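Colleague: I am new to this structure. Could we go through it together, one topic at a time?

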Amino acid sequence: MTTFAHVVGWGKYVPQRVLTNDELSRMVDTSDEWIHTRTGIRERRLVEDGETTASMSIQAARQALEIARLSPARLDLIIVATATPDHAFPATACLVQDALGATRAAAFDLAAGCSGFVYGLSIAAHLLIAGAYQTALVIGAETLSRITDWTDRGTCVLFGDGAGAVILQAGENEGGVLASVLGADGSGGDLLRLPAGGSKTPASHRSVAEGQHFIEMKGREVFRFAVRTMPAATREVLAKAGLSLTDLDLLVPHQANRRIIESAVRSLDLPPEAVYSNLEQYGNTSAASIPIALCEAAADGRIEPGDLVVTVGFGAGLTWGAAAIRWTRPLPKPLPRWRRFLRRLRYVVARLRSRLRRLRRRLVAFWTRDVLGNGREKSK
Ligand code: UT7
């Protein structure tokens with residue numbers, strides 16, 4: 001019996017704070033006209049104090065679980081694709097697992113730049129199709145504002161913060177993620193990178209003084225790579241699924257630059273209505289851009305059951321990826337208030353459970369101190 005990996009839930013979170021091109025033009029030597037003509041971006045969202053990649057991921061995941069009508073306890077796997085995790089470790093996916101109360105789920109982060117969400121979707125779909133898991137949550141989330149040099153007009157006008165999530169579930173009916181293609185070319189790693197903060201150049205006074213904890217990008221070369229890669233990956237994934245461009249209902253590309261998207265559309269000879277873009281409002285949110293766009297396209301009625309959707313991304317690594325998805329799930333009616341209240345209660349219980357587990361760990365440490373001894377006694 002063949003198993004398929006269906007998209008059964010989707011959700012997004014974008015911060016409240018809007019930063020417009022006009023505001024940016026008061027911070028660096030730029031203008032709304034330049035930014036909009038060269039990129040298609042008008043504004044982007046930025047996190048407030050206290051918001052992080054994990055906190056945005058949790059909000060997006062809760063929405064996706066609500067649409068899927070699933071309890072977090074049903075999740076077997078959580079993948080968070082991000083270049084801006086809360087910490088190097090623990091994984092942001094583990095923070096999400098704990099906050100949701102997804103007690104049965106394995107959880108890990110995935111670093112594949114802006115292609116991260118498509119990588120995560122592909123991995124999760126393959127695990128479901130292989131029968132390893134039943135239900136997976138895949139999140140793309142970024143807090144790029146915290147690694148942006150707000151004095152560098154070449155990069156600060158491009159990026160924004162946000163999170164998007166989808167839930168995949170194994171099923172016997174045909175549909176869901178039909179095919180995916182992933183690729184990498186590490187020889188282009190220097191074109192888009194965060195120079196310091198890793199094992200090669202750990203954080204130091206010098207690395208901070210030299211501004212090495214900010215995004216560094218050779219924009220024109222990334223542009224050329226994107227223009228080449230997006231149409232090629234789209235064609236390849238359709239061929240792998242045994243389909244063609246005439247079967248495509250909606251292309252949901254990585255939202256980096258309107259000119260890159262338009263070039264892909266021209267090269268694929270697609271009508272403008274066959275492509276979704278929300279770049280104008282959010283800028284480039286890296287791994288979050290495709291799942292946020294998927295959610296908005298579904299909410300706008302641009303994706304309906306039976307539609308063939310292709311998502312295609314490119315980014316740091318260099319990496320690229322595309323997935324062909326046969327959408328099978330209609331947008332459900334909003335939940336009644338009492339059921340939404342019960343759902344919120346579930347997350348209060350999850351928080352309580354997490355605190356109890358921490359307390360239990362402390363108590364066990366206290367009770368077993370004589371048995372284990374402490375470090376000082378051992379070293380004598
Ligand atoms: O998710 C993947 C992440 N990255 C990308 O997708 C980036 C792909 N690349 C791009 O989107 C474009 O290359 C950029 C939007 C970054 C730049 O656009 P461009 O048309 O390639 O401009 P450019 O870098 O060739 O610069 C053209 C001019 C330069 O001035 P001169 O040397 O011609 O006098 C820049 O200094 O525009 C200047 N410039 C700006 N002017 C006003 C660069 N940034 C700005 C700015 N405002 N923000």
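**Strand pairing and surroundings**

Modeller: Let us begin with one pair of strands: strand 11 and strand 12 pair in the parallel sense, with four bridges between them. Within this pair, Leu250 stands opposite Val309 in strand 12. Please keep in mind that this is a predicted model.

Colleague: Which way do the residues of strand 11 point, and are they buried or exposed?

Modeller: Leu250 and Val252 point one way, Leu251 and Pro253 point the other way, and all are buried.

Colleague: What is the order of strands in the open sheet of four strands?

Modeller: The order is 8-13-12-11, and the pairing is mixed. Strand 8 (176-184) and strand 11 (250-253) are the edge strands, each pairing on one side only. On average, neighbouring strands of this sheet are turned by 15° against each other, direction ignored.

Colleague: How many bridges join strand 8 to strand 13, and do they run parallel or antiparallel?

Modeller: Eight bridges join them, and the two strands run antiparallel. One pairing there is that of Ala184, whose bridge partner in strand 13 is Thr319. Helix 5 packs on this sheet, where it touches strand 8, strand 12 (308-315) and strand 13. The direction of helix 5 makes about 125° with that of strand 8.

Colleague: What holds strands together in a sheet, in general?

Modeller: Strands of a sheet pair through backbone hydrogen bonds, either parallel or antiparallel.

Colleague: Let us move to the open sheet of five strands. What is its order?

Modeller: That order is 1-7-6-4-5, again with mixed pairing. Its edge strands, which pair on one side only, are strand 1 (4-13) and strand 5 (106-110). Neighbouring strands are turned by 20° against each other on average, direction ignored.

Colleague: Which helix packs on that sheet?

Modeller: Helix 3 (residues 53-68) does, touching strand 1, strand 4, strand 6 and strand 7 (161-171). Its direction makes about 125° with that of strand 1.

Colleague: How many bridges join strand 4 to strand 6?

Modeller: Five bridges join strand 4 (residues 77-81) to strand 6 (residues 135-143), and the two run parallel. Ile79 stands opposite Val138 in strand 6.

Colleague: A change of topic: where is Gly113 found?

Modeller: Gly113 is in the loop between strand 5 and helix 5 (116-129).

Colleague: Why does Gly113 count as buried?

Modeller: Gly113 counts as buried because 24 C-beta neighbours lie inside 10 Å, and the cut-off is 20 or more. Leaving aside residues up to four places away in sequence, it touches Ala83, Leu192, Ser286, Gly315, Ala316, Gly317 and Thr319. The C-alpha atoms of Gly113 and Trp320 are separated by 9.0 Å, although these residues are 207 residues apart along the chain.

Colleague: And the ligand? Which residues come nearest?

Modeller: Of the 21 residues around the ligand, Thr30, Gly219, Phe223, Ala256 and Asn257 come nearest. The shell divides into ten nonpolar, eight polar and three charged residues.

Colleague: Which helices supply at least two residues of that shell?

Modeller: Helix 2 (32-39), helix 6 (153-156) and helix 8 (219-240) each do. The largest share, five residues, comes from helix 8.

Colleague: What is the reach of helix 8 from its first C-alpha to its last?

Modeller: Helix 8 has 22 residues and reaches 31 Å, close to the 32 Å expected at 1.5 Å a residue. Its buried residues include Val222, Phe225, Met230 and Leu238. Just after helix 8, Gly242 takes a positive phi of about 75°.

Conventions:
Residues numbered from 1 in each chain as written. Predicted model: local features only at pLDDT ≥ 70, side-chain atom pairs only at ≥ 80, totals over all residues. Near = placed C-beta within 6 Å. Nonpolar A, V, L, I, M, F, W, Y, C, P; charged D, E, K, R; others polar. Pairing = 2+ DSSP bridges. Axes fitted to C-alpha atoms, helices over the stretch in contact; angles between N-to-C directions. Contact = placed C-beta atoms within 7 Å. Expected span 1.5 Å × (residues − 1). Buried ≥ 20, exposed ≤ 12 C-beta atoms within 10 Å, placed from the backbone.
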